[in-house]
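Thanks for making the time this morning. I would like to go through one structure with you, and I will begin with a question before coming to the overall picture.

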Amino acid sequence: MSNFLSQGSNQNESGDSHKIDVSPEFLKLLEATVLSAGNYVVPSDDLRPHTLEAAHEIDSNRRGSSRFVGYSVAIVLCACLCFPIADRLSPWREKVSGRTSLQIQEMALKKNIGPDWGLLEVFTERQQQAARHRAVISRKIEE
């Protein structure tokens, strides 16, 4: 910097160039001023806590948003995997669950059984379903 000031040139609006003469005393005074200005810039006592708090807040916001994205992706992946599996299991559902109450009542009416006996048929069918389920569960437990 001192070389530029002492040896450089400056052009004014008319295009004339002239030398700027800088004395060594001026350079020493300038250097002392710059060094003493360093004492004017002092961080406040609460700068570190405020900086740490701001960094913690930014980090927690970033973590929260990344968790939200992670959970969203996991839910979408589970849905993409579970819906096709549920569709493939639908034929088995009919075999395991048996007939509905409405289907049993319609069957009873086709046999010319009154509503009271149709209700008895429904209860009987439900008991048979429960017995089948208990048998399946006990076989699974024994395996």
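Is Cys78 buried, partly exposed or exposed? In this model, which is a predicted one, Cys78 comes out as partly exposed, with a relative accessible area of 44%. Its neighbour in this discussion, Cys82, is likewise described as partly exposed, at a relative accessible area of 48%.

With two cysteines on the table, one naturally asks how many disulfides a search of the whole structure finds. The count is zero, and for this pair the reason is distance: the closest cysteine sulfur to that of Cys78 belongs to Cys82, and at 5.6 Å it is too far away for a bond, given that a disulfide requires the two sulfur atoms to lie within 2.5 Å. Seen from the other side, Cys82 takes part in no disulfide either, its nearest cysteine sulfur being that of Cys78.

Let me turn to the fold. The chain holds five helices and two strands, and if you read along the sequence you meet them in the pattern α-β-β-α-α-α-α. Of the contacts with a separation of 6 or more, 32% are between residues 24 or more positions apart.

How much of the chain is buried? Buried residues make up 6% of the 143 residues, and the chain exposes about 12,900 Å², of which carbon and sulfur atoms supply 61%.

On that surface there is a nonpolar patch, formed by Phe68, Val69, Val73 and Leu77, which together have about 410 Å² of accessible area. Phe68, one of these four, lies in helix α3, spanning residues 47-97, and is classed as exposed because its relative accessible area is 60%, where the cut-off for that class is over 50%.

Finally, a word on confidence. The average pLDDT of the chain is 78, and 78% of the residues score at least 70. Confidence is highest in helix α2, residues 24-37, at a mean of 88, and lowest in helix α1, residues 2-7, where the mean is 45. Over residues 1-9 the pLDDT is below 50, although this stretch does have ten contacts in the model beyond near neighbours in sequence. Where pLDDT is low, predicted coordinates should not be read in detail. I would therefore ask you to keep that caution in mind when looking at residues 1-9, where the pLDDT is below 50.

Note on methods: Residues numbered from 1 in each chain as written. Predicted model: local features only at pLDDT ≥ 70, side-chain atom pairs only at ≥ 80, totals over all residues. Heavy atoms only, no water. pLDDT = per-residue confidence, 0-100. Helix = DSSP H or I, 4+ residues; strand = E, 2+ residues; numbered from the N terminus. Contact = heavy atoms within 4.5 Å. Patch = residues over 30% accessible without salt bridge, like charges linked within 9 Å, V, L, I, M, F, W, Y side chains within 5 Å. Areas by Shrake-Rupley, 256 points an atom, 1.4 Å probe, with all protein chains shown as cover. Salt bridge = Lys/Arg side-chain N within 4 Å of Asp/Glu carboxyl O. Buried < 20%, exposed > 50% of the residue type's maximum accessible area, 1.4 Å probe, protein only.
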